[in-house]
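Student: Could we take a close look at one charged residue and then follow the chain outwards from there? I would like to see how that spot fits into the rest of the fold.

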Amino acid sequence: MKRIPPAFALLAALLFSGVAAAADKPNILFIMSDDHAYNALSCYGSKINKTPNLDRIANEGMRFDNCMVTNSICGPCRAVILTGKYSHLNGFIDNRSRFNGKQLTYPKLLQKAGYQTAVVGKWHLVSDPTGFDYWEVLQGQGPYYNPKMLSSNGVHDYTGYTTDIITDLALTWLKETRDPNKPFLLVYQHKAPHRNWQPGPKYLNMYDGETIPEPETLFDDYENRASPAGEQEMTIARHLSPDDLKLTPPRNLTKEQLATWNAAYEPKNKEFEAAKLTGDDLVRWKYQRYIKDYLRCVASVDDNVGRVLDYLDESGLAENTIVVYTSDQSFYLGEHGWYDKRWMYEESFRTPLMVRWPKKIKAGTTNDALVMNLDFAETFLDAAGLPIPAEMQGRSFLPMLEGKEIPDWRKSVYYHYYEYPQPHRVAPHYGVRNARYKLIHFYNTDEWELFDLENDPHELMSVYDDSEYAEIKNELKAELNELRKKYEDDGTVVQFDKEGNVKKS
Ligand SMILES: [Ca+2]
């Protein structure tokens, strides 16, 4: 037998013990909020609020300016991120779906490769989490105050503000529970700032006495577009409830919490009643009430993400931890007169994405490539040095994080939204967007829209019937057909049997 030189033996021992490999592999902290619009992040140029802690991720990392979702609604976005597949292939097409947890997901693959995996906070996929060593999640949407959280060892009751509690759980896992010798994936997901926008005790009076600027399209008349934009039920003017508007107090508060709440809202509500507003003035008041509560919820997310970033700094974990901040999708903050999401229009189609990884990403950089939530799983696997399964439909953008161009990157994005009619009556549609144009097909009524985003960034005038755009329209239709083929979307949705296997038709 040949003698192995000691240096080689040591190297081999290190490699095979997993210690060297583990030290090399980056940690992944995936932070996702729910319905956080890019227009409510100061690193994206918000005119209405400041998010100093979230901005740190962009300032110390990379901000993506064209990150698109495949289907702009909560549960479906979560399923796309986990599986790297479009809704019709992961089976979670709308919020009535149930996630098939037997599917291949990126946390399962990281777990198999030696990562410790955890998820805390919002889950919203009906079935229990799979692929996580530790999980403690809200039941369904979960409340803003005093949540019950579901874990592998039962339901735990908490008293306090949910955004703070989720962060406490994340920090406890990071500090006390995980094995410091293994790389980790922590999926840390906020419920905020989802409807019904209940601020935490600290921020009940934030923005009092201020007027938040209105978006240019608050009084959109929905002219010059197909019929669906005018037929939805998600307007600030007509579709917010007294509960949304805080004209009634929340029902599940402790006595003490309720007293604090009433001290903040009763004077504001008395002032509103005395003013007897009507017409546009009433819409303006509703917008102010809505947006202030929304931004108050965002302020708590910002504070809490700051606590976690501070811990990464103090513990020395920051250098080789990929910190991702995103939202399941973006949101209307009064644009087109709306709250909510769903549409392929920019405000809900693009989502915020900031990534910090001091070891690899140059601080303060931006990227305008068309990346998607479909690419997250592939990118995380790639960063961990793992192969990307052929069944995943997105593509790793890891080279972009390292400052490299990917020459054959996609030039267009395919979108498909399903949920109809309730809630909000947004007509199902699919479409394609490239760097300049967007073509949308509302297929229930066979109506089309075409937008020139350069000339019409607010998407107020469809040029679908404008002869000057005939050639572009035809090119986009051909592109749309190609993408539907590429992503295997023929209008059918995958069905699973009881064992979670794909049913063959
Ligand atoms: Ca959402």
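Student: Is Lys122 buried or exposed, and which residue does Lys122 form a salt bridge with?

Tutor: Happy to walk through it with you; just keep in mind that this is a predicted model. Lys122 counts as buried, because its relative accessibility is 0% and the cut-off for buried is under 20%. Its salt-bridge partner is Asp34, with the closest N and O atoms 2.7 Å apart. The two come from distant parts of the chain, 88 residues apart: Lys122 sits in the loop between strand 4 and strand 5 (134-138), while Asp34 sits in the loop between strand 1 and helix 3. Asp34 is also buried, since its relative accessible area is 0%.

It helps to see where those strands sit. Ten strands build an open sheet with mixed pairing, in the order 7-6-5-4-8-1-9-10-2-11. Its edges are strand 7 (154-157) and strand 11 (365-367), each of which pairs on one side only. Ignoring direction, neighbouring strands in this sheet are turned by 20 degrees against each other on average. One pair in the sheet is strand 2 with strand 10, which run antiparallel over three bridges. Phe64, for instance, has Leu353 of strand 10 as its bridge partner.

Now step back from Asp34 into strand 1, where Ile31 lies. Ile31 counts as buried, because its relative accessibility is 0%. The C-alpha atoms of Ile31 and Val324 are 5.7 Å apart, although 293 residues separate the two along the chain. Leaving out residues up to four places away in sequence, Ile31 touches Ile57, Tyr188, Val305, Val323, Val324, Tyr325 and Thr326.

That brings us to the nonpolar interior. The largest nonpolar core has 66 residues, and those with the most contacts inside it are Leu186, Tyr188, Tyr290 and Tyr294. At least two residues of this core come from each of strand 1 (27-33), helix 3 (52-59), strand 4 (116-121), helix 7 (162-177), strand 8 (184-189), helix 9 (255-275), helix 10 (279-315) and strand 9 (321-327). Helix 10 makes the largest contribution, with 15 residues. A second, separate core of 45 residues includes Ile81, Trp123, Phe132 and Val355. As background, nonpolar side chains in soluble globular proteins tend to be buried together.

Tyr294 leads us back towards the loop of Asp34. Again leaving out residues up to four places away in sequence, Tyr294 touches Asp35, His36, Ala37, Ala40, Pro193, Trp197, Phe331 and Leu333. Asp35 in turn belongs to a network of salt bridges that links it with Asp340, Lys341, Arg342 and Glu419.

At the far end of the loop that holds Asp34 we reach helix 3. Helix 3 is mostly covered, with six of its eight residues buried. Those residues are Asn53, Leu54, Asp55, Arg56, Ile57 and Ala58. Their cover includes strand 1, strand 2 (62-64), helix 10, strand 9 and strand 10 (353-356). Helix 3 lies across strand 1, strand 2, strand 9 and strand 10, and runs at about 65 degrees to strand 10.

Helix 3 offers another salt bridge to set beside that of Lys122: the side chains of Arg56 and Asp310 meet at 3.1 Å, N to O. Arg56 is in helix 3 and Asp310 is in helix 10, so this pair ties together parts that are 254 residues apart in sequence. Arg56 counts as buried because its relative accessibility is 17%, whereas Asp310, at 34%, counts as partly exposed. Lys122 and Asp34, for their part, both count as buried at 0%.

For one more example, look at Glu402 and Lys404, whose side chains meet in a salt bridge at 3.2 Å, N to O. Glu402 is partly exposed, with a relative accessible area of 27%, and Lys404 is partly exposed at 49%. Over the whole structure, a search finds 34 salt bridges.

To return to your starting point: Lys122 is buried at 0% relative accessibility, and its salt bridge to Asp34 links the loop after strand 4 with the loop between strand 1 and helix 3.

Notes. Residues numbered from 1 in each chain as written. Predicted model: local features only at pLDDT ≥ 70, side-chain atom pairs only at ≥ 80, totals over all residues. Heavy atoms only, no water. Core = buried A, V, L, I, M, F, W, Y, C linked by side-chain atoms within 4.5 Å. Buried < 20%, exposed > 50% of the residue type's maximum accessible area, 1.4 Å probe, protein only. Helix = DSSP H or I, 4+ residues; strand = E, 2+ residues; numbered from the N terminus. Contact = heavy atoms within 4.5 Å. Pairing = 2+ DSSP bridges. Axes fitted to C-alpha atoms, helices over the stretch in contact; angles between N-to-C directions. Salt bridge = Lys/Arg side-chain N within 4 Å of Asp/Glu carboxyl O.
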